[in-house]
Amino acid sequence: MKEHKHDFNKLKHVALKYYNDDNCCSVIAVAVAAKIGFGKAYNAMKREGRKDRKGAYFAQYEAALNKLGYKVEQRQLYIGKTLASAKRLCPKKGTFLINTRRHVTCIRDGVMVDWAAENNSRKRIIAIHEVIKTGE
């Protein structure tokens with residue numbers, strides 16, 4: 001089976017080693033959604049006002065993705081379900097940002113790239129957005 005290009009542990013390692021940033025779920029979600037490296041996502045988020053080692057608002061990562069050539073559209077899938085169930089239920093094709101209280105994760109082509117992928121998180125989903133390359 002082909003290994004997924006974006007591995008959560010590798011992205012988290014880069015965040016800690018090179019950026020001293022450990023509260024970066026939104027940066028990792030942008031990197032995975034836009035298929036870019038952590039550094040490029042980090043700088044895109046910084047341009048939208050994200051502070052180091054702080055969370056980000058939806059508007060910040062939506063704007064970063066827009067400037068990277070993606071549109072973000074809300075979907076009504078699985079609201080109220082948990083991150084653990086989203087991993088199973090999300091479509092196997094497409095890129096989705098899954099928002100919970102104080103966290104965002106990305107599922108791309110059925111693969112969740114997040115700490116929640118391994119621990120069956122019971123965090124409740126409050127919003128889901130599909131990330132679509134503009135011009136597709």
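Buried means under 20% relative accessible area, exposed means over 50%, and partly exposed lies in between, with a 1.4 Å probe and protein chains only. The model is predicted: local features need pLDDT of at least 70, side-chain atom pairs count only at pLDDT 80 or more, and totals for chains, interfaces and linings use all residues. Residues are numbered from 1 along each chain as its sequence is written, and side-chain values use heavy atoms, with hydrogens and water left out.

**Exercise 1. Classify R47 and place it in its surroundings.**

Step 1. Find the element. R47 sits in helix α3, residues 38-47. Helices are DSSP runs of H or I with at least four residues, strands are runs of E with at least two, and both are numbered from the N terminus.

Step 2. Apply the cut-off. R47 has a relative accessible area of 63%, so it is exposed.

Step 3. Look for like charges. R47 belongs to a surface patch of positive charge, together with K35, K40 and K133. Patch members have over 30% relative accessible area and no salt bridge; like charges are joined within 9 Å, nonpolar side chains (Val, Leu, Ile, Met, Phe, Trp, Tyr) within 5 Å. Lys and Arg count as positive, Asp and Glu as negative, while His and the chain ends are not counted. Each charge is placed at NZ of Lys, CZ of Arg, CG of Asp or CD of Glu. Areas come from the Shrake-Rupley method with a 1.4 Å probe, and for residues only the protein chains shown count as cover.

**Exercise 2. Describe the cover of helix α2 and the backbone just after it.**

Step 1. Helix α2 spans residues 25-34, and ten of its ten residues are buried.

Step 2. The buried residues include C25, V27, I28, V30 and V32.

Step 3. Just beyond α2, K35 adopts a positive phi of about 60 degrees. K35 is also one of the residues in the positive patch.

**Exercise 3. Trace the pairing of strand β2.**

Step 1. Check the cover. Strand β2 covers residues 95-100; six of the six are buried, so the rest of the structure largely encloses it.

Step 2. Sort the side chains. T95, L97 and N99 point one way, F96, I98 and T100 the other.

Step 3. Pair β2 with β3. Strands pair if DSSP finds at least two bridges between them. β2 and β3 (residues 103-108) run antiparallel and are joined by six bridges. N99 has V104 as its bridge partner, and I98 stands opposite T105.

Step 4. Inspect the turn. The β2-β3 hairpin has two residues between its strands, and R102 in the turn has a positive phi of about 65 degrees.

Step 5. Pair β2 with β5. Strand β5 (residues 125-133) is antiparallel to β2, over six bridges. Here L97 is partnered by H129.

**Exercise 4. Continue from β3 to β4.**

Step 1. In β3, six of the six residues are buried, so this strand too is largely enclosed by the rest of the structure. H103, T105 and I107 face one way; V104, C106 and R108 face the other.

Step 2. β3 pairs with β4 (residues 111-113) in the antiparallel sense, over three bridges. C106 has V113 as its bridge partner.

Step 3. This hairpin also has two residues between its strands, and D109 takes a positive phi near 50 degrees.

**Exercise 5. Survey the salt bridges, and state the exposure of the partners.**

Step 1. Count. The structure holds six salt bridges, each a side-chain nitrogen of Lys or Arg within 4 Å of a carboxyl oxygen of Asp or Glu.

Step 2. Take D21 and R50. Their closest N and O atoms are 2.9 Å apart. The pair links distant parts of the chain: D21 lies in the loop between α1 (8-19) and α2, and R50, 29 residues away, in the loop between α3 and α4 (58-67). D21 is buried at 0% relative accessible area, and R50 is buried at 4%.

Step 3. Take D52 and K46. Their side chains form a salt bridge of 3.3 Å, N to O. D52 is partly exposed at 25%, as is K46 at 43%.

Step 4. Take K71 and E73. Their salt bridge is 3.4 Å, N to O. K71 is partly exposed at 36%, and E73 is partly exposed at 28%. Both belong to a salt-bridge network with R75 and E130.
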